[in-house]
Amino acid sequence: MTETEPPELPRGIALAWGVAADPQRGPKREMSVEKIVDAAVELADAEGIGAVSMAAVAAKLGFTPMSLYRYVSAKDDLLLLMQEQATGLPPESHLEVDGWRERMLALYEEQVLLYLRHPWMLSLPINGSPITPNSSAWLDASLAALESTPLTADERVAVALAVTGDARWCGIVQAGYTAQSRGSGLTPEEVAVREATLYDRVITADEFPALRRAIEEDVFLSPADPFRFGMERMLDGVAAYIATLDRDEPRDPSDEWVALDPAELAGDRRLREAQKAVREAEKMLRAARKVERQTLREAGERLAKAAKSA
């Protein structure tokens, strides 16, 4: 049996770990990967990820684009290094609290703040696991916080991913409100009021009864943090599960994870066509129900009018 060679690290990952070969030659004036990434992050923070290009970064540093390619050979590598730098290391403050739950909450809050400081990170595609030092450090911190629990390694990773996912979703929404505020000149509170007003205009009790009731209870103007509530309840579930393990209760076989259907992952053409047909049918059903509700209202109005005139 022959041993296979381990795969070579992609250049962007190798740069992140500091194991990539240095360029053979460079511009006369001093330049480094670190300075290139610093300039790119400054551009993204100030103007958004759309402002970042090899030409724009080169201009900011006073060099030609070709000189940058000697250090960072592709824009995708630059984006990966930007994400790595902006991510940074998890703050030591999460170690100052006791208990796995409190530490996971602290890491959640820090990740939300991270996305608010660098909202452009949210627009970068997720291309598998981020095998870079800082991103690995965040995952390591979450797994370390859960080591005192009886969770299996798979379960600890699942909880860590759930916390990260909730933080990212919160960051996406909060960054969206911040962008609206900057673009409109309104305060975040005024943006929320405008949004609530628009909902009030288009959401009817006939078509969306539960949502209408929520609007009338001023849910969109509530100061409560729905993301923190969801995070707390998710951790409640993990704590309840851990309690069953502490009591040595057998694991439920139905809790075993089920992999995604290979056909879904493969993007089968016939499956996509069938799913499209389902969406079209659902759209027609919604339209038909809307007509039905309108017809019922009109019929009720006619009956009331007939009774009044009788």
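# Helix packing in a predicted all-helix model

Reader: In this predicted model, how far apart are the end C-alpha atoms of helix α11 (residues 226–246), and what span should its 21 residues have?
Author: At 1.5 Å a residue, the 21 residues of helix α11 should span 30 Å. The distance between the end C-alpha atoms agrees with that expectation, for they are 30 Å apart.

Reader: Which residues of α11 are buried, and on which side or sides of the helix do they lie?
Author: The buried residues of α11 are Phe227, Met231, Glu232, Leu235, Val238, Ile242 and Leu245. They cover an arc of only 125° around the axis, which puts them on the same side of α11. In general, an α-helix has 3.6 residues a turn, so residues three or four places apart point the same way. The answer is therefore one and the same side of α11, within an arc of 125°.

Reader: Which exposed residues does the opposite face of α11 carry?
Author: Exposed residues are those with over 50% relative accessible area. On the face of α11 turned away from the buried side, they are Pro226 and Phe229.

Reader: Which residue caps the N-terminal end of α11, and at what distance?
Author: A side-chain oxygen of the capping residue lies close enough to the backbone nitrogen of phenylalanine 227 to be a polar contact, being within 3.5 Å. The cap is aspartate 225, at 3.0 Å.

Reader: What is the sign of phi at the residue aspartate 248, which follows α11?
Author: Aspartate 248 comes after α11 in the chain. Its phi is positive, near 60°.

Reader: Which helices are included in what covers the buried residues of α11, and how is α8 oriented against α11?
Author: The cover includes α6 (100–117) and α8 (153–184). The axes of α8 and α11 lie 10 Å apart, and the two helices pack at an angle of about 170°. Angles over 145 degrees count as roughly antiparallel. The helices α8 and α11 are therefore roughly antiparallel to each other.

Reader: Which residues of α8 and α11 meet?
Author: From α8, the participants are Glu155, Val159, Ala162, Val163, Asp166, Trp169, Cys170, Val173 and Gln174. Phe227, Met231, Val238 and Leu245, which are among the buried residues of α11, take part from the other side. The full set from α11 is Phe227, Met231, Met234, Val238, Tyr241 and Leu245.

Reader: How are α8 and helix α9 (residues 188–202) oriented to each other?
Author: Their axes come within 9 Å and cross at roughly 100°. That makes α8 roughly perpendicular to α9. In this pair, Tyr177, Gln180, Ser181 and Ser184 in α8 meet residues of α9, namely Pro188, Val191, Arg194 and Glu195.

Reader: At what angle do helix α2 (residues 33–47) and helix α3 (residues 54–61) cross, and which residues meet?
Author: The axes of α2 and α3 come within 9 Å and cross at roughly 110°. The two helices are therefore roughly perpendicular to each other. Lys35, Ile36, Ala39, Ala40, Glu42 and Leu43 in α2 meet four partners in α3: Ala56, Val57, Lys60 and Leu61.

Reader: Is glutamine 111 of helix α6 buried or exposed, and what does it touch?
Author: Glutamine 111 has its place in α6. Its relative accessible area is 7%, so glutamine 111 is buried. Not counting residues up to four places away in sequence, glutamine 111 touches Trp138, Val163, Thr164 and Ala167.

Reader: With which side chain does the side chain of histidine 118 make a polar contact?
Author: Histidine 118 is found in the loop between α6 and α7 (133–145). At 13% relative accessibility, histidine 118 counts as buried. Leaving aside neighbours within four places in sequence, histidine 118 is in contact with Asp45 and Ala86. The polar contact of its side chain, at 2.8 Å, is with the side chain of aspartate 45.

Reader: What phi does aspartate 218 have, and where is this residue placed?
Author: Aspartate 218 lies in the loop between α10 (209–216) and α11. At 46% relative accessibility, aspartate 218 counts as partly exposed. Although aspartate 218 is not a glycine, its phi is positive, at about 60°.

Reader: How many helices and strands does the protein chain have?
Author: Of the 310 residues of the protein chain, 28% count as buried. The chain has 13 helices and zero strands.

Definitions and conventions
Residues numbered from 1 in each chain as written. Predicted model: local features only at pLDDT ≥ 70, side-chain atom pairs only at ≥ 80, totals over all residues. Heavy atoms only, no water. Expected span 1.5 Å × (residues − 1). Buried < 20%, exposed > 50% of the residue type's maximum accessible area, 1.4 Å probe, protein only. Arc of directions from axis to C-beta. Contact = heavy atoms within 4.5 Å. Polar contact = N/O pair within 3.5 Å; in protein donor to acceptor, adjacent residues only side chain to side chain. Axes fitted to C-alpha atoms, helices over the stretch in contact; angles between N-to-C directions. Parallel < 35°, antiparallel > 145°, perpendicular 65-115°, else oblique.
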